[in-house]
Each structure stands twice: as C-alpha cells, then as structure tokens.
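Here is a short briefing on one protein chain. It covers a buried arginine, a helix and the nonpolar cores.

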Amino acid sequence: MAVLTWDGTGERLYETGVDRGVLYIPTNGVYDTGYAWNGLTAVTESPSGAEATALYADNIKYLNLVSAEEFGATIEAYTYPDEFALVDGTARPSEGVSIGQQARRTFGFSYRTRLGNDTLGADFGYKLHLVYGALAAPSEKAFATINDSPEAITFSWEVTTTPVPVTGLKPTAIITIDSTKVSAENLASLEDALYGTDGTNARLPLPDEVIAIFAGGQDDVTPIEPDFVPATGVITIPTVTGVTYRRADNNAAVTGTVTIPTAGQSLVIRATPASGAYKFAAGSDDDWSFTRTA
C-alpha cells in the first residue's frame, strides 16, 4: 500500500462556472429536439429525501429505513429559449402574444460545469449534467426602474423531476459525465447527440443509451432517405440496421409505408439511432419533410 499524500501537483481540484445549457422538449417520452439556452447564470442542484427513520427493537436501534431520494434544481438566467414557453405554462396563440397560467409540460435539460486544478486552471476538464423529467414551477419576476446602477432582470425557476427508467438500476433524473475519466471518442459521441451535428438535430439520449455509449464503441450508420410519391402521398420507409424512423408529429416508430391522407398536408420523418450501440456518421441527414400534392 502506498503512503497517503495530500495536495499533490495537479491534484488540487475544483469546479466552477456553468455554460452550454440546452433545453429539450420531449415527444412521447423521447427528448428528440434541443434548443440552445443563452444567458444561463446559475444551476443549483437540490437533492432531497434519503432521510433515515430509525426503528428500535429488543431495546436497541434495530435498523434505519431510508426514504426515496428526489432530485430538484433551481435554474437562473438572463433569458431563455422561446420554446421554454411550452414548459413554463405559456401559450402563444399568435406571434408576440403570450397567455399565462396554461398547462406545464415536462422537459429535459443539459449543462456543463468546468473542472479546474492547480496546473491547468479551468481548462483541466468539465462535467456534463443531464436532467430528465423536469417540471418548472411558476417563477417570480421582479421588474425595477432603470437608475444609475442598472441591472438586467434575472429569471429563476424551481425545478422538480420525475425519474426515468434505467435498466438494472433504480430510475434516475440526473446523470453526470466527467470528461477527465471517460474516453474522448465516446464523449464526442455523446456531445454530437446533445448539441447536434450538420444534418442531425440536438437530442437528449435516455440513460440506457448514455450508458451504452460509454460501455463500448459505437458503430457508424447512415440513415437512408425514405422514398416518396408526391401524387399519392405514400412514403416508403427503408430498412437500415441501427436506424429507427419516426413520425415527427407524435414520435411513433414507423416501418413499411406511411400515407399522407390529404393534398397539401405535410409530414416530417425523423431518423434516430436504434440504440446506444449506434451513432450517425458525420454529415448524415436525419429528417425529411414530405408534402402530398394531389
């Protein structure tokens, strides 16, 4: 056994900052579209639960029962994506008109924090934080007069979560990836999914896919564009190993043929990796819009 030492060169670690926020709006449980969140100023993680309840028997402390753990957070920002209105209880019946006190939708969220040490500073590495099943509570907005010390308004949302399933583990609402401890290639695959690439949308992979990405290598696959007959509205879905095709309107997986019923109606077909064992090759296109003409 080695002798323990403290504060060695390169081992004085710290975390700082928050950036690269992304909002993901789910469709039927799949976080298939991401939107950049500018102006992010703080994310405060607030786990709760995991409280012990002591049981006594035979005149001794018999055991502890531990309550379920929950994940919550507070998001603070100077601004937010327009799409956040969908999850913040706001409807927009027309451009520039917002109606509050509407139904709130769940959302996914990712952000990055910096890892620093005594030799490389904040360039040592970073952590990616992936949040699932989030629900934003109504927030306070304080508007004040402009004076000789002007300040921008900071928006703040209290967020609760509902965990999503993880194969072989308990459901979770939070995953954290440490860039200093994982393969650079696998990390790049995850970031391609989170932030999008040329031709592919940003999306938030579910926990099983994230685990699969870092458990081993991924095979590159290239989605093939479906065939389409505009006059009949028939879309023929190709069969490609490692690719699942979905309707963008309801996220339902589709195979065989899909028919657009009405002239002038459009439908977007989107391709997604079939599992974490696959990733789309660089430059692949992953969605196509079709419009029936007759």
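Leaving out neighbours up to four places away in sequence, Arg-203 contacts (heavy atoms within 4.5 Å) Tyr-24, Tyr-31, Asp-32, Ala-193, Leu-194, Glu-209 and Pro-273. The model is predicted: local features need pLDDT of at least 70, side-chain atom pairs count only at pLDDT 80 or more, and totals for chains, interfaces and linings use all residues. Numbering starts from 1 along each chain as its sequence is written, and side-chain values use heavy atoms, without hydrogens and water.

**Arg-203**
- Arg-203 sits in the loop between H1 and H2.
- Its relative accessibility is 15%, so Arg-203 counts as buried (under 20% relative accessible area, 1.4 Å probe, protein chains only).
- The side chains of Arg-203 and Glu-209 form a polar contact of 2.7 Å (a pair of N or O atoms within 3.5 Å, one able to donate a hydrogen and the other to accept it).

**Helix H2**
- Helix H2 (residues 207–215; helices are DSSP runs of H or I, at least four residues) has Pro-207, Glu-209, Val-210 and Ile-213 as its buried residues.
- They span an arc of only 165° around the axis (directions from the axis to the C-beta atoms), so they lie on the same side of H2.
- The buried residues of H2 pack against E12, E14, E15, E16, H1 and E22 (strands are DSSP runs of E, at least two residues).

**Nonpolar cores**
- The largest nonpolar core (buried Ala, Val, Leu, Ile, Met, Phe, Trp, Tyr and Cys joined through side-chain atoms within 4.5 Å) has 22 residues.
- Apart from it lies another core of 16 residues, including Leu-130 and Ile-213.

Key:
Buried < 20%, exposed > 50% of the residue type's maximum accessible area, 1.4 Å probe, protein only.
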